[in-house]
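Okay, thanks everyone, I'll keep this short. Have the sequence and the model up while I talk, and stop me if you lose the thread.

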Amino acid sequence: MSKSSPDADTVVSMLHELYPHANCALVHGSAHELLFATIMSAQTTDVNVNRVTESLFKKYSTIEAFADADPEVFSEEIRSTGFFRNKTKSVLGAANMLMEEFDGVVPQTMEELIRLPGVARKTANVVLGTFFGIPSGFVVDTHVKRLAFRFGFTRETDPVKVEKDLMNAFSREEWIFLGHAIILHGRAVCNARNPACDRCPLIGACQQNGVAASSA
Ligand code: SF4
């Protein structure tokens, strides 16, 4: 870390204080439910996905049931999550590959997960971290990307490079927690348009505030 890097330890301990129970907001009861919910969460809110999956997971209760789903019917069922045709292809494609190549079991490695249709590192990290407790990397969504930049942990915009910077900045045992906690802080305080720096407990550890203060 460079001299001007923010204090990672302070950020970690403050986030633990602020969000001690930070966890994934997508409702799921199995690895494949979390996998499919995460695929469906692209470009929409977790609340919206939960609304859809409440009945969806009852109707399609196994990976096999997803693999056998009628794409036309399925795409109507998930229409309200947006980009429903692509998401249908990804979810049903992933279910089929799980049945055909993984014995109907969600794999527990990054290399295997990112082979599934519609699954990149972010989705794989959610499943590995949240469900299996494996810190394989950092979940980099729009909130994590924005806050990593504002805190000063990265100058990158490409999610894979942002993830690498975060993995270098924080110890491995914090990666899963931080992914969840940073998202919560992004939603509650440090939102995209109007970060509430004046009421942000992390103000002392955040470079964005330093830049704003020195240029004021
Ligand atoms: S001080 Fe402002 S920019 Fe920094 S984390 Fe808090 S709200 Fe976000």
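So, the lining of the largest pocket: α2, α6, α8, α9, α10 and α11 each put in at least two residues. This is a predicted model, by the way, so please hear everything I say with that in mind. The volume of that pocket comes out at about 880 Å³. In total 44 residues line the pocket, and the ones nearest its centre are Thr38, Ser41, Lys122, Val139 and Asp141. If you're wondering about the chemistry of the lining, the split is 18 nonpolar, 19 polar and seven charged.

One of the helices in that list, α8, is worth a look by itself. How many of its eleven residues are buried? Eight, so to speak of α8 as mostly covered is fair. The buried ones are Thr123, Ala124, Asn125, Val126, Val127, Leu128, Gly129 and Thr130. And the cover over them? That includes α2, α7, α10 and α11. Just past the end of α8 there's Gly133, with a positive phi of about 70 degrees.

Okay, on to the packing. In general, for soluble globular proteins, nonpolar side chains tend to be buried together. Here the largest nonpolar core has 37 residues, and the members touching the most others are Phe36, Phe66, Phe74 and Leu116. At least two residues of this core come from each of α2 (31–40), α3 (46–59), α4 (63–67), α6 (84–101), α7 (110–113) and α8 (121–131). Click on Phe74 if you want a feel for it: setting aside residues up to four places away in sequence, Phe74 touches Leu56, Tyr60, Phe66, Ala69, Thr88, Val91 and Leu92. There's also a second, separate core, with 30 residues, among them Val11, Phe153, Phe170 and Cys206.

Now a polar residue, Thr81. You'll find Thr81 in the loop between α5 (71–77) and α6. Is Thr81 buried or exposed? Its relative accessible area is 2%, under the 20% cut-off, so Thr81 counts as buried. Its side chain reaches the backbone oxygen of Ile78 at 2.8 Å. Skipping neighbours within four places in sequence, the contacts of Thr81 are Met40, Ala42, Thr44, Asn48, Val52 and Lys87.

Next, enclosed space. Rolling a probe the size of a water molecule over the atoms shows where empty space is left. With a threshold of 30 Å³ or more, the count is one cavity. The largest cavity has a volume of about 100 Å³. Thirteen residues line it, or 13 if you're reading along, and closest to its centre are Cys190, Pro195, Cys197, Cys200 and Cys206. The elements giving two or more residues to that lining are α9 and α12 (207–214). By class, the cavity lining has nine nonpolar, three polar and one charged.

Last stop, Cys190, since we just met it by the cavity. Cys190 sits in the loop between α11 and α12. With a relative accessibility of 12%, Cys190 counts as buried. Which residues does it contact, leaving out neighbours within four places in sequence? Arg146, Leu147, Arg150, His185 and Pro195. And for anyone who likes sequence separation: Cys190 and Leu18 are 172 residues apart along the chain, yet 13 Å apart in space, C-alpha to C-alpha.

That's my tour, over to you.

How values were computed:
Residues numbered from 1 in each chain as written. Predicted model: local features only at pLDDT ≥ 70, side-chain atom pairs only at ≥ 80, totals over all residues. Heavy atoms only, no water. Core = buried A, V, L, I, M, F, W, Y, C linked by side-chain atoms within 4.5 Å. Buried < 20%, exposed > 50% of the residue type's maximum accessible area, 1.4 Å probe, protein only. Helix = DSSP H or I, 4+ residues; strand = E, 2+ residues; numbered from the N terminus. Contact = heavy atoms within 4.5 Å. 1 Å grid on protein atoms, 1.4 Å probe; cavity = no way out; pocket = protein on both sides within 12 Å on 5 of 7 lines; lining within 4 Å. Points joined across faces, edges and corners; volume = space filled by probe spheres on them. Nonpolar A, V, L, I, M, F, W, Y, C, P; charged D, E, K, R; others polar. Polar contact = N/O pair within 3.5 Å; in protein donor to acceptor, adjacent residues only side chain to side chain.
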